[in-house]
Amino acid sequence: LITAPGQATPAVIGAISIFMPWFAVMITPLKHKYAYLSSLESGEAYLRAVRADQLWLITLMMSTIGLLTAIKWQSVFPGLRDYRALAALPLRSYQIFQAKLTALLIAATAAIFVLNLFPSVIFPMISGGRWALNPSFGARVGVHTIVCAAGSYFFFFSFIALQGALLVLLKRRLFERVSGVLQAVLVPLMLVFIVLSFSIQPEVTATVLHPHFAAWLPPVWFLGLYQRMLGDRDPEMQVLAARAVGALIVSILLSFLTY
C-alpha cells in the first residue's frame, strides 16, 4: 500500500471513492437539525451545533489531505528514480526540485478542490438560519472553502517541512529508518482522525476549545479562523484564528526553506 510502485494509486482512488458520497448521506439529518435549531427562541444551541459541525468538516478535510500526503511520503522529495529518469537531460538540481514541488502543489490543490467542492456549497446552504453569524450565503461558502483549504494546506506543508528537516539534519541511513517509522505512524493516525471526526458533537467541541486542549489541536485553530471570518468577536476565537494563520505561514516557509 505504501512502498510498492503502483500501489498508491488504487489506494488514493479508493479513498476518494469512499469519501465523495458520504456528505450526500448526511444532508437530510443536517437539514432537519438546523431547521429545528433555527426555530428556537435562543441561538445558543445553534451556535454550539454549527461549531461542532464546522470542526468536524475541518478535521475531516485536514486528515484526508494528511492521509494522502502520508501515503505519498516517499515521493515528496526527488529521489534516485527521479535523477535516473532525468539524468540525460540538461537540467540543474534546482530545476528538478522546482518541478517536483510544483507537481506536488498541483496534485494537492486538485485533491483539496475535489474534496471540498461539495461540502463547501451544501453545508453553508443547509446550516443557514435565523441565528447564522453571517446571513450571506456567498460569504459562508467563501469562508468554508478558504478555511478548509487553509487547514488542508497546513497539514500538507507541515509534512513536507517535517521530512525536509529530517533530510537536512540526519544522515541517509538514519533518515531512512526514522522516515519509515514516521510514515508508519502518520498513515494510521490520519485514518484515526478521519474516523473520530464523525463523533465530534457540541460537548466534544466545548471540551477541545478549552485553552489546555486547543493549544495542541490544529483543527481547533482553524475553527477559530472560521468563526472569526464569519464575524464572531469572541476573544478566544480571535486568538485561535491568529494561531491558525501563523501556523500556516510557518509551515509554508519551512517547507520551502527545507526544499
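The paragraphs below lead from a buried acidic residue to its aromatic neighbours, and from there to the surface of one helix. The structure is a predicted model, and every value given here should be read as computed from that model.

A convenient starting point is Asp53, which lies in helix α3, spanning residues 44-71. Although its side chain is acidic, Asp53 counts as buried because its relative accessibility is 6%, where the cut-off for burial is under 20%. The Asp53 side chain makes a polar contact of 2.7 Å with the side chain of Lys33, and a polar contact of 2.5 Å with the side chain of Tyr34. Once neighbours within four places in sequence are set aside, the residues in contact with Asp53 are Leu30, Lys33, Tyr34 and Phe123.

Tyr34, one of these partners, belongs to helix α2, which covers residues 22-38, and it counts as buried because its relative accessibility is 0%. Not counting residues up to four places away in sequence, Tyr34 touches Tyr46, Ala49, Val50, Asp53, Phe123, Ile126 and Ser127. As for distance along the chain, Leu68 is 34 residues from Tyr34, and the C-alpha atoms of the two are separated by 32 Å.

The contact between Tyr34 and Phe123 also has an aromatic side to it. Across the whole structure, a search finds 12 aromatic pairs. In the pair formed by Tyr34 and Phe123, the arrangement is edge-to-face, with 6.3 Å from centre to centre and 80 degrees between the planes. This pair links distant parts of the chain, since Tyr34 sits in helix α2 and Phe123 in helix α6, 89 residues apart. Phe123, too, counts as buried, because its relative accessibility is 0%.

The burial of Phe123 fits the setting of its helix: 7 of the 9 residues of α6, which runs over residues 119-127, are buried, so this helix is largely enclosed by the rest of the structure. The buried residues in α6 are Pro119, Ser120, Ile122, Phe123, Pro124, Ile126 and Ser127, and Phe123, Ile126 and Ser127 also appear among the residues that Tyr34 touches.

Elsewhere, Phe154, Phe155, Phe159, Trp221 and Phe222 form one aromatic cluster. At the surface, Val181, Val185, Leu189, Val192, Phe193 and Leu196 make a nonpolar patch of about 480 Å². One of them, Val185, is placed in helix α8, residues 172-197, and is partly exposed because its relative accessible area is 44%.

Terms used:
Residues numbered from 1 in each chain as written. Predicted model: local features only at pLDDT ≥ 70, side-chain atom pairs only at ≥ 80, totals over all residues. Heavy atoms only, no water. Helix = DSSP H or I, 4+ residues; strand = E, 2+ residues; numbered from the N terminus. Buried < 20%, exposed > 50% of the residue type's maximum accessible area, 1.4 Å probe, protein only. Polar contact = N/O pair within 3.5 Å; in protein donor to acceptor, adjacent residues only side chain to side chain. Contact = heavy atoms within 4.5 Å. Patch = residues over 30% accessible without salt bridge, like charges linked within 9 Å, V, L, I, M, F, W, Y side chains within 5 Å. Areas by Shrake-Rupley, 256 points an atom, 1.4 Å probe, with all protein chains shown as cover. Salt bridge = Lys/Arg side-chain N within 4 Å of Asp/Glu carboxyl O. Phe/Tyr/Trp six-rings, centres within 6.5 Å; stacked < 30°, edge-to-face > 60°.
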